[in-house]
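Hi everyone, thanks for coming. Let me put the model up on the screen, and then I'll walk you through a few places in it.

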Amino acid sequence: MLSVIIVTHNSEPFIDRCFDSLDRQTSAPDRIVIVDSGSAHTSYLDRYSGRADCEVVLRENIGFAAANNVGFTHIGGAEDYVCVMNPDTFLEPDSFQSALAILSARERVGILGGRLKGFDVGADRPTGLLDSTGIFRSWYGRWYDRGQGAQNAENFRLEEDVPALCGAFMVCRMSALRDELPNVFDESFFMYKEDIDLSLRLRKKGWELLYAPTVEAFHARGWAGNRKEISHQIRCLASKNDILLNLKHRSPYLIWAVAKYLAVRVLRI
């Protein structure tokens, strides 16, 4: 059994395409839970609240991490797998079929992430660039989406265990999350870096985090990879969460995280 959790926040430009991709799955999810976290209006979700396979839960703006945790409290509990995905993630028709086949064959994989490709919603077409092939850490401590901005070609085509996975599309084995319930995501992060934190927690418990290049999806990513389009407030939040992440996991990269936060906060870099 597969359930899907989607957290929305003013997601009207994306949600119809997201659901269209879910409806075209060769292995359809059994249940979909939408948790809206403080959209300015929620009427754009009305059409989904009437679906037999979908539940819409409305909350104030509680953040991505907390909203996903609300989603976990609303799923049935009998799931073998739960997919956490963004409303600006659009699946290929065989995404779930491919993911579930791999997970059923590899019992130590706690979370599977796919090959995320860029999508330009304004132009209504793929960008031809990669968005994420797993999350890695540089030698000085910066976490980054591998391959982001590179051409979508014959690169990163090997299935591999990776340090962390992008929260825009995670297919999770429910048995790997049992001990984390009800707070699968640490709500201290509000948004950003909560996917890395979950990845690190599961890795410490012996679970694999699998990048599967045959499982493909598109990710629109609202700021389109251009740092200049990200507000100063959001950049401060993201860099503050770098500090939280390094503190929580007792990382030697804490000095870099503090320096980054000060550079963003004070120098607006």
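**A serine to start with**

Let's begin with S37, which is buried because its relative accessible area is 2%. For the cut-offs, buried means under 20% relative accessible area, exposed means over 50%, and partly exposed is in between, with a 1.4 Å probe and protein chains only. Before I go further, the usual housekeeping. This is a predicted model, so local features need pLDDT of at least 70 and side-chain atom pairs count only at pLDDT 80 or more, while totals for chains, interfaces and linings use all residues. Residues are numbered from 1 along each chain as its sequence is written, and side-chain values use heavy atoms, with hydrogens and water left out.

Back to our serine. S37 belongs to strand β2; helices (H or I, at least four residues) and strands (E, at least two) are DSSP runs, numbered from the N terminus. A polar atom of the S37 side chain sits 2.9 Å from the backbone nitrogen of I62. Setting aside residues up to four places away in sequence, S37 touches V7, T8, H9, R59, E60, N61, I62, G63 and A67, where contact means heavy atoms within 4.5 Å.

**From β2 to its partner**

Which strand pairs with β2 over 6 bridges? That is β1, residues 2-8, and it pairs with β2, residues 31-37, in the parallel sense. Two strands pair, by the way, if DSSP finds at least two bridges between them. One place to look is V4, which stands opposite I32 in β2. Between these strands the chain passes through helix α1, residues 12-23, in a β-α-β crossover that is right-handed. Right-handed here means that, with the strands pointing away from the viewer, the path from the first strand over the helix to the second runs clockwise.

How many of the residues of β1 are buried? The count is 7 of its 7 residues. In a regular strand the side chains alternate between the two faces of the sheet. In β1 both faces are covered, with L2, V4, I6 and T8 on one side and S3, I5 and V7 on the other.

**Next along, β4**

β1 also pairs with β4, again in the parallel sense, over 5 bridges. If you want to find the register on screen, the bridge partner of I5 in β4 is V84, and I6 stands opposite M85. Strand β4 covers residues 81-85, and 5 of its 5 residues are buried. One side carries Y81, C83 and M85, the other V82 and V84, and both faces are covered.

There is another partner too: β4 and β11, residues 169-173, run antiparallel and are joined by 5 bridges. The bridge partner of M85 in β11 is F169.

Now zoom in on Y81, which is in β4. Y81 counts as buried because its relative accessibility is 13%. Leaving out neighbours within four places in sequence, its contacts include M1, L2, S3, C172, R173 and L103. The C-alpha atoms of Y81 and L103 are 9.0 Å apart, with the two positions 22 residues apart along the chain.

**Charged pairs**

Let's turn to the charges. Side chains of opposite charge can pair when their charged atoms come close. A salt bridge here is a side-chain nitrogen of Lys or Arg within 4 Å of a carboxyl oxygen of Asp or Glu, and a search of the whole structure finds 23 of them.

One is E208 with R106, at 3.0 Å from N to O. E208 lies in strand β12 and R106 in the loop between α4 and β6, so the pair ties together parts 102 residues apart in sequence. Buried or exposed, or something in between, for E208? E208 is partly exposed, with a relative accessible area of 23%, and R106 is partly exposed at 29%.

Another salt bridge joins E180 and R201, with the closest N and O atoms 2.5 Å apart. E180 sits in the loop between α5 and α6, while R201 is in helix α6, 21 residues apart. Both E180 and R201 are buried.

The last pair is K248 and D197, whose closest N and O atoms are 3.1 Å apart. K248 is in helix α7 and D197 in helix α6, 51 residues apart. Here K248 is partly exposed at 35%, whereas D197 is buried at 0%.

To finish, which residues join up in a network of salt bridges? They are E180, D186, D197, R201, K205 and K248.

Terms used: A polar contact is a pair of N or O atoms within 3.5 Å; within protein, one must be able to donate a hydrogen and the other to accept it, and residues adjacent in sequence count only if both atoms are side-chain atoms.
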